[in-house]
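Subject: Structure handover

Hello,

Here is the structure you asked for. Please load it first, then read on.

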Amino acid sequence: MPGYELFGAEERKEVNDVLETGIIMRYGFDGPRKGNWKAKELEAAICETFGSKYAQLTSSGTTALSAAMAVLGIGYGDEIIMPSFTFVASFEAVLSVGAVPVLVDIDETLTLDIEAVRKAITPKTKCIMPVHMCGSMARLDELKQICDEHKLILLEDACQSIGATYKGKSVGTIGHAGTFSFDFVKTITCGEGGVVMTNDEALYTKLDGYTDHGHDHLGVDRGADLHPFIGTNYRISELHAAVGLAQIRKVQGFLATQKKNHTQLKSMLAAIPEVSFRVIPDESGDSCSFISWFLPTEALTKAVVAEMKAQGILPGNFYWFDNNWHYVRKWDHLKEVKSLQPVSPEQTAALQKLQAQDFSASDAIISRCISTSISLLWTEEQIADKGAKMVAAIQKVLQASPVTA
Ligand SMILES: *Cc1c(COP(=O)(O)O)cnc(C)c1O
């Protein structure tokens, strides 16, 4: 899955270009930077690689989401529908703009359940934010249709699914805006970084200013820039962008390796009749950074996790149900509104409501799900060995407590 696994001479070369001039900021200093515009080059490469008209780099995937929401005009009192299974960054961004996160159940796509979304719509709903978790995608046609019907914004959190496509288009380019994260464990990395993609020129112009203190970038020099609106600083540095530039040039190779390794391992797991797999709305568009698979019951899944742990083969396998970062069950800080700054009454009410909200439909899926991350470094022999050990662990548990339908 992560680009850091294949890090080397290309990254060092790009970073050294920047270090040689010492201009490690992305704007200004036109002369001294001697033609190095790594952030601009990376934005162009993102547009080219993923088929977006515009791309605005940011300091992280989280600030990419916050910036997207801000320029989309989402703020105080607006409700954003999002899934119960994601990374904490998704709701952090919602709260950062003053909006209200409305968490709803997932289905076997591991993201938004369509009926749950429909039921959650209120007059205050402004945006639907699917999160394309673990390398694969949401039911985008259905979500787009709901957004059209109700005049809502579709914002794709594609931070975990760089390179996934839906019906031929890159995820993150299908809604009004979409984001990738380039943090250290994502498919390509800048160390830290993110991007907002959009096909809407007006939105892009706002992003360009908003992420750099609202400067309009129209002055004869930076000091002459005007401020059509209030912005903030979500800039990426040239050093980070340089790393990303080396990584994006290798991304097709990363994706091909992921797909190959994924296919080999999945075929071994698929030989066990009790194992089923995540629903992928467009199977050919899976980025293959993970295999997400299910066992018939929570008890069996927990037993398999314990068996894999005992055998030392758990690393790289994620049991999200017990995970503190990714699933609503363990987000006590959110449900108890442990905010360091005052939050709005609307936000407080929505968060407190989570304590009693019924997420049994999500529990029934996540409690049976294990996601296996796909390494770019595995050899065929290593995959065969890993697969054989996983299959043996699963079969041992199934034989000890056979599934009785
Ligand atoms: C990684 C991630 C983000 C944002 O990540 P940063 O670490 O801030 O770059 C947002 N959403 C999801 C689903 C993620 O996995």
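Which element supplies the largest share of the lining of the largest cavity? Strand S11 does, with three residues.

Before the details, one caution: this is a predicted model.

**The cavity**

Searching the whole structure for cavities of 30 Å³ or more turns up one. Its volume is about 70 Å³. Two elements each give two or more residues to the lining: helix H9 (251-269) and strand S11 (290-294).

These are the residues to select for the lining:

- Cys134 and Ser136
- His262 and Lys266
- Phe277, Arg278 and Ile280
- Asp286
- Phe290, Ile291 and Ser292

Sorted by class, five of the lining residues are nonpolar, three are polar and three are charged.

**Cys134, a lining residue**

Cys134 deserves its own entry. This residue is part of the cavity lining. Its place is the loop that runs between strand S4 (125-128) and helix H6 (140-150). Cys134 counts as buried because its relative accessibility is 0%. The backbone is worth a look too: phi of Cys134 is near 50 degrees, a positive value in a residue that is not glycine.

**Lys151, another positive phi**

Lys151 is not a glycine either, and its phi is positive at about 55 degrees. Look for Lys151 in the loop between H6 and strand S5 (153-157). Is Lys151 buried or exposed? It counts as exposed, because its relative accessibility is 74%. Cys134, by contrast, is buried.

**The chain as a whole**

The chain has 14 helices and 13 strands. How does its radius of gyration compare with that of a compact globule? For 405 residues, such a globule would have a radius near 22 Å; the chain has 22 Å, so the two agree. The C-alpha trace spans about 75 × 50 × 40 Å along its principal axes.

Buried residues account for 57% of the 405 in the chain. The exposed surface comes to about 16800 Å², and carbon and sulfur atoms supply 56% of it. Take the contacts between residues at least 6 apart in sequence: 68% of them join residues at least 24 apart.

**His326: far in sequence, close contacts listed**

His326 sits in the loop between strand S12 (317-318) and helix H11 (332-335). With a relative accessible area of 10%, His326 falls under the 20% cut-off and is therefore buried. Thr86 is 240 residues away from His326 along the chain, yet their C-alpha atoms are separated by 5.0 Å. Which residues does His326 contact, leaving aside its neighbours within four places in sequence? They are Ser84, Phe85, Thr86, Phe87, Met133, Gln160, Trp320 and Trp331.

**Asp216**

Asp216 is in the loop between helix H7 (201-210) and helix H8 (238-248). Its relative accessibility is 18%, so Asp216 counts as buried. The cut-off for buried is under 20%. Leu226 is 10 residues from Asp216 along the chain, with 5.5 Å between the two C-alpha atoms. Apart from neighbours within four places in sequence, Asp216 is in contact with Asp225, Leu226 and Pro228.

**Two partly exposed sites**

Glu41 lies in helix H2, which covers residues 38-50. At 34% relative accessibility, Glu41 counts as partly exposed. Setting aside neighbours within four places in sequence, Glu41 has contacts with Leu245 and Arg249. How far apart in space are Glu41 and Lys389, C-alpha to C-alpha? They are 44 Å apart, with their positions 348 residues apart in sequence.

Thr379 is in the loop between strand S13 (369-373) and helix H14 (380-400). Thr379 has a relative accessible area of 34% and is partly exposed. From Thr379 to Glu48 the C-alpha distance is 31 Å, and the two are 331 residues apart in sequence.

That is the list.

Best wishes

Methods. Residues are numbered from 1 along each chain as its sequence is written. This is a predicted model: local features need pLDDT of at least 70, side-chain atom pairs count only at pLDDT 80 or more; totals for chains, interfaces and linings use all residues. Side-chain values use heavy atoms; hydrogens and water are left out. On a 1 Å grid over the protein atoms alone, a cavity is a set of points where a 1.4 Å probe fits but cannot get out, and a pocket is an open set with protein on both sides within 12 Å along at least five of seven lines; lining residues have an atom within 4 Å of a point. Grid points are joined across faces, edges and corners, and a volume is the space filled by probe spheres set on the points. Helices (H or I, at least four residues) and strands (E, at least two) are DSSP runs, numbered from the N terminus. Ala, Val, Leu, Ile, Met, Phe, Trp, Tyr, Cys and Pro count as nonpolar, Asp, Glu, Lys and Arg as charged, and the others, Gly among them, as polar. The radius of gyration is taken over C-alpha atoms; the globule rule is 2.2 Å times the number of residues to the power 0.38. Buried means under 20% relative accessible area, exposed over 50%, partly exposed in between (1.4 Å probe, protein chains only). Contact means heavy atoms within 4.5 Å. Accessible areas come from the Shrake-Rupley method with a 1.4 Å probe; for residues, only the protein chains shown count as cover.
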